[in-house]
Amino acid sequence: MKSVFLTGVGGHGVLKLSGILAEAALTAGFDVRKSEIHGMSQRGGSVVSQVRYGNRVHSPLIPAGTADALISLELLEALRALPCLRRDGILLVNEQHISPAPLGRHRVPYPENVRELCEDRVETVVFVPAHEMARDLGNEKAANVVMAGAFSTFAPEISVEVWVHTIEAAFRPEHRELNLHAFRAGQYFTATD
Amino acid sequence: MRKLLSGNEAIAQGAREAGVLFASAYPGTPSTEILETIARQGDIRVQWAPNEKVAYEVACGVALGGGRALVAMKHVGVNVAADPLFSSSYSGVNGGLVLVSADDPAMHSSQNEQDNRHLARAAKIPVLEPSDSQEAKDFVRMAFDISEELDTPVMLRVTTRICHSMSPVVLDADAVYRRKPIRPYRRRMSKNVLLPAHARRRHEVVEVRLRRLAQLGESARELNRIHWGDRTIGIVTSGIAYQYVREAVPHASILKLGLTYPLPADLVREFAAGVDELYVVEELDPFLEGEIRALGLRPAGKEVFPLTGELDPDKVAAVFGIDLGGDGAEAVDEQLPVRPPVLCAGCGHRAAFYTLSKMGLVVTGDIGCYTLGTLPPLLAMDSCMCMGASVGMAQGMEIALGTAADERRVVGVIGDSTFIHSGITGLINMVYNGGASTLLILDNGTTAMTGHQDHPGTGVTASGEKTHRLDFAALCRAIGVRRVRETDPYDMDRLEAVLNEELAADEPSVIICRAPCRLVERVPLGHPAEMEIDCPGCGVCLELGCPAIEELDGRSVIDPAVCTGCGLCAQICPFCGLKVDTIRRDPVTA
């Protein structure tokens, strides 16, 4: 069984990404569980989702410290979610910095050394400039699909054909091309990293 | 065909397969997507009701008339619907009637974590608890069959982790919607007119029905079943907790209950006799545990499992001393900035709460996006209890505080959908009983927090048809409020002046602040704010808590991609360094 923890900021496509991963795993023939908390997902709060797939999955929630991969669409949110990930797991982080909304004048500063903090704690860490990559392709909103591509090279149990089919089915015709490019860009990034 | 469905989508699919005629709901997390999905499918007649009581009553009428009806709500909604629920238990149904109660352990989006199995028991109706999406779909069909066979409303009790988790569901690829034929209706006063003389006889019927339901639970293997495993540990469980048990204690013997009330006593006794140690694993209250203890058995339950919050595989494993192999990355030592949800850039609520906070008023609040006005830096709310409470509580606070030595001014704040839900009666009370409070109706033209559902004030139905649009000002006047004002909240000086006038008036007043939700009406309010001077970093604009303003190196910086040009920051900048060209504003009059 594989457990993937996904995190990010509301409105930036975490749930779309976890949906694509769950659908791809189902199409690849696995049993799948996906969980999410989305009560306020459009209001800029932290959003997490969990996807588990394998021959038989029971709990939609991943036991602490057992996630095989953590995909974060934002730097700070990666730090927050670290304890869910196995030390020898795979951490994929979109190198985007999104400041939390100001909560008045006295605020906890945004951590500066996210990269070192992650690399000190997890064996395999890949920072992906998914935001820039997606923007270069035409729409920064496709950063989540760049991350799907980056994850795909660590998930040989799901074939490229299945990913492509899932992404085609997940977007309206006018957005398909862009998202397939985004997926391939992410895939290329980690394959050659 | 296998399809990934959330629990809510699966319930909608179950309703379709059960040939339901009618479905109704009031939006509430985690239940909202049930009716949204049914509406999207387009087969079943759907309604957003003004509140859960009305939703239940219309469904109850459909059922009495012979059609199948499903009504969905969050756990606290069942409190609102409790009156017709309890009575309909006595009358019974005709066509099937299924109430979906979506409970929220851990309070992801709720004010309490009540366990609604208690309400079903108090109403003496059966409870079904699915443990994944497949069961959610299948149990809806079974619930309708039970409802009609045993002439009872049925509660399908789900929780957030069922509603919002996805798992594969086997679907019949060419299943078409076939409406269940309407059962013949005839007037049965002794059953459906609950006069005391009739109701006394009906209560006898209800008790007999409960015994029949318990018998059903003994034999219905698709609902209640034993998996024999290692007989040293026997676990009775239901709902999502069953999945955690399967993950954490895979070797144990399990009695999985799908029909959790009334309890199948013989099945429980058989299971208990077959194992060395008996446990009950359930979220929230010791509901099954109490029922099992009443049989004279002594299971371990809430003495070892938590009473509050959600369960998870770790909490279950810990009790049995099982290691799930967790070897997680170390948490970082430094404190990380929190990222709570915030009012969106350009949200009209921000203007209202900034003004209320500045004026130092006592604010009785209500339930919706605007509850976020409680969070720093706005810190503008004194209370938030339940849907509609702001109105009655404003009057009550005024009675107490008006008597106190340091008299303080009170204002109630409520959203459009919440006002329709249960604020109206509070306002009637205020007029009738001589109150003089001021009520602010923040009308953003949608039920925003739950994901933008229509309501009677939007003039659009759940199926997207145009309908009569409730006129808030006319309604308030008809109730007897003579001072009804409408003002543009983005003009904060004006809002403050209006508030001062209305608070001074010795009679009830209503101020309607109309500002369409920014997530619905995405047209910018103006050009993004621009900094015209070298920002001295006084931080006043940061007190708005606007996600478009960030403090960088001691200066405020506006993110033009996020800014909607609402102009609030320019109104409060003491150095007049912020400039906003407003290009659009709703025409409103004060």
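Two strands are said to pair if DSSP finds at least two bridges between them. Strands (E, at least two residues) and helices (H or I, at least four) are DSSP runs, numbered from the N terminus.

The structure is a predicted model, in which local features need pLDDT of at least 70 and side-chain atom pairs count only at pLDDT 80 or more, while totals for chains, interfaces and linings use all residues. Residues are numbered from 1 along each chain as its sequence is written, and chains are lettered from A and ligands numbered from 1 in the order in which they are written.

**Exercise 1.** Determine in which sense β2(A) and β8(B) pair, and place them in their sheet.

*Solution.*
Step 1. β2(A) and β8 (residues 165–170) of chain B pair over two bridges in the antiparallel sense. M166(B) in β8(B) is the bridge partner of K34(A).
Step 2. The open sheet has eight strands with mixed pairing, in the order β6(A)-β5(A)-β4(A)-β1(A)-β3(A)-β2(A)-β8(B)-β1(B).
Step 3. β6 (124–128) of chain A and β1 (2–6) of chain B stand at the edges; each has a single partner strand, so one side of each is left without a neighbour in the sheet.
Step 4. On average, neighbouring strands of this sheet are turned by 20 degrees against each other, direction ignored.
Step 5. Within chain A, β1 (residues 2–9) and β4 (residues 67–72) run parallel and are joined by four bridges. L70(A) in β4(A) is the bridge partner of F5(A).

**Exercise 2.** Describe the side of chain A that touches chain B.

*Solution.*
Step 1. Counting residues as in contact if their C-beta atoms, placed from the backbone, lie within 7 Å, 51 residues of chain A are in contact with 48 residues of chain B.
Step 2. Elements that give two or more residues to this side of chain A include α1 (14–27), β2 (31–36) and β5 (85–94).
Step 3. β2(A) supplies the largest share, six residues.
Step 4. The predictor gives the complex an ipTM of 0.96 and a pTM of 0.96.

**Exercise 3.** Classify the packing of α16(B) against α17(B).

*Solution.*
Step 1. The axes (lines fitted to C-alpha atoms over the stretch in contact, with angles from 0 to 180 degrees between N-to-C directions) of α16 (residues 389–401) and α17 (residues 416–432) of chain B come within 7 Å and cross at roughly 25 degrees.
Step 2. Therefore α16(B) is roughly parallel to α17(B), a term for angles under 35 degrees.
Step 3. Among the residues that meet are S390(B) and Q395(B) in α16(B), and G423(B) and L427(B) in α17(B).

Methods:
Two residues are in contact if their C-beta atoms, placed from the backbone, lie within 7 Å. Angles under 35 degrees count as roughly parallel, over 145 as roughly antiparallel, 65 to 115 as roughly perpendicular and the rest as oblique.
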